[in-house]
Amino acid sequence: MKESLLIKSILDGNAQEYAILVNRYKRPIFNLLLRMTGSREDAADLAQETFLKAYDNLESFKLSNNFFPWLYAIAANLARDNWRKQKHAASHAEQISQQMDSFLEEKTAVEEQMIVMMDTQRLANCLNELPHDYREALILRYHEGLPMGDIGKALGVSTSGAKMRISRGIEKLRALFQSSFSTSSQVPKGK
Amino acid sequence: MKNKISNEDPSIDYLTGMIASLPDEEPPGDFMQAVMQQIIPKPISFRQRFWRFLIAPFTVIAIRPLHAAVTIVLLVGLLFVFKTFWISDNDYPYAASSKNANTKLVNFILDYPSAKKAAVIGSFNHWQPEHYHMHRNLSDGTWQIAVALQPGRHAYAFIIDNTKIIADPRALWEQDDGFGTRNSILTIDNEYDNGSSDENRI
């Protein structure tokens, strides 16, 4: 079902259809908040708050736009507010490391597994080292596959601003990744 | 996952490929339930409901050809009845106005065989010929119309073929209208004593 029609139907009183949107976007929103808070519990609470806030403000959503960038912006704002309250951001590096164990179980070539695991963990650590805006721009572009315009809307910047963040983010990530080989014994801790 | 070994000078493709492959975590199992149990259907204002009713597409109902044919016949019948009454009420003004107990039915008769059309105009119809067209009597060729008139003094004339206005040659009284045309005068009292021998004939 086309997203704009779905949202129209929800606004017409078919509240149960909101479950389709929750199901469609709960995973990327939860993971965004997990990256920003470092806590599954906080991420789940904030993700829940995100969907409720989005529902409360659904009338203000422009049906010609895509829903996900709008939802993402709400989630990011809530996470920032939460971060200001808590005055800290937990590192997610350890959790990424734990994920790698289960994620890589299905791989067959042990040697390749090891290399990939090391690189993936390194990359996760490097991403965590990046400033939030660069990290989220890269995640939205290469992990969620969003077009530049939607990334701009999600991050509250213009399309050219989104392109610049991605370009600079990649360069920073590359530099961090390269430097991680010289300090491979150390695991970066948070921002 | 790209099949590329670790190196110290990663390409952009390698990095972006790895970002794409980063594992996501699943939200808690009861997440959906926790959200949806707090979702309350949005109240819709009358204005919103009305607007959505206006812009919502309608589904055309299925109809049997036989039913459609019967419906058309009924509609044509209704149209015929309506048109009949409509003509009666408008082409024969007395039919409507005769409901007034004080009105008197007056037959206007004009002997003008060369006319193709004739109508009576007067103070009782504001000198407008619409709905006061006369009908030719096939037996003697005269033009006639019956009009219900209130008691009182009425000025009138005939209009021939929509162009020529003449006074009634049979009228007992005439007067100048101030514009060079003479109008006939008809006086009706409650007993209809107009000096005429025929109550319904002028």
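A residue counts as buried when its relative accessible area is under 20%, as exposed when that area is over 50%, and as partly exposed in between. The model described here is predicted. By this cut-off, buried residues make up 32% of the 202 residues in chain B.

**Chain B as a whole**

Chain B has five helices and eight strands. Read from the N terminus, its elements follow the order α-α-α-α-α-β-β-β-β-β-β-β-β. The accessible surface of chain B comes to about 13,400 Å², and carbon and sulfur atoms account for 59% of it. When contacts in chain B are limited to residues at least 6 apart in sequence, 62% of them join residues at least 24 apart.

**Strand E8 of chain B and its partners**

Strand E8 of chain B covers residues 182–188. Five of its seven residues are buried, so the strand is mostly covered. E8(B) pairs with strand E5 (residues 152–160) of chain B and also with strand E7 (residues 173–176) of chain B. The table sets out the two pairings.

| Strand of chain B | Residues | Pairing with E8(B) | Bridges |
|---|---|---|---|
| E5 | 152–160 | antiparallel | five bridges |
| E7 | 173–176 | antiparallel | four bridges |

Individual residues show how the strands line up. On the E5 side, B:Tyr156 stands opposite B:Ser184 in E8(B). For E7, B:Trp173 has B:Ile185 of E8(B) as its bridge partner, and B:Gln175 stands opposite B:Asn183 in E8(B). E7(B) and E8(B) form a hairpin with five residues between the strands. In this hairpin, B:Gly178 takes a positive phi near 90°.

**A histidine in strand E5**

B:His154 is found in strand E5 of chain B. Is this histidine buried or exposed? B:His154 counts as buried because its relative accessibility is 9%, and the cut-off for buried is under 20%. A polar atom of its side chain lies 2.7 Å from the backbone oxygen of B:Gln150. Leaving aside residues up to four places away in sequence, B:His154 touches B:Ser123, B:Phe124, B:Leu149, B:Ser184, B:Ile185, B:Leu186 and B:Ile188. Among these contacts, B:Ser184 is also the residue that B:Tyr156 stands opposite, and B:Ile185 is also the bridge partner of B:Trp173.

**A nonpolar patch on chain B**

Six residues, B:Phe46, B:Phe50, B:Trp51, B:Phe53, B:Leu54 and B:Ile55, form a nonpolar patch on the surface. Together they have about 700 Å² of accessible area. One of them, B:Phe50, has its place in helix H3 (residues 46–55) of chain B. B:Phe50 counts as partly exposed because its relative accessibility is 44%, a value that falls between the cut-offs of 20% and 50%.

**Helix H1 of chain A**

Helix H1 of chain A spans residues 3–11. Seven of its nine residues are buried, so the helix is largely enclosed by the rest of the structure. The buried residues in H1(A) are A:Glu3, A:Ser4, A:Leu6, A:Ile7, A:Ser9, A:Ile10 and A:Leu11. What covers them includes three helices of chain A, namely H2 (18–37), H3 (40–56) and H4 (67–86). H3 of chain B is also part of this cover. Just after H1(A), A:Gly13 takes a positive phi of about 110°.

Methods: Residues numbered from 1 in each chain as written. Chains lettered and ligands numbered in written order. Predicted model: local features only at pLDDT ≥ 70, side-chain atom pairs only at ≥ 80, totals over all residues. Heavy atoms only, no water. Buried < 20%, exposed > 50% of the residue type's maximum accessible area, 1.4 Å probe, protein only. Helix = DSSP H or I, 4+ residues; strand = E, 2+ residues; numbered from the N terminus. Pairing = 2+ DSSP bridges. Contact = heavy atoms within 4.5 Å. Areas by Shrake-Rupley, 256 points an atom, 1.4 Å probe, with all protein chains shown as cover. Polar contact = N/O pair within 3.5 Å; in protein donor to acceptor, adjacent residues only side chain to side chain. Patch = residues over 30% accessible without salt bridge, like charges linked within 9 Å, V, L, I, M, F, W, Y side chains within 5 Å. Salt bridge = Lys/Arg side-chain N within 4 Å of Asp/Glu carboxyl O.
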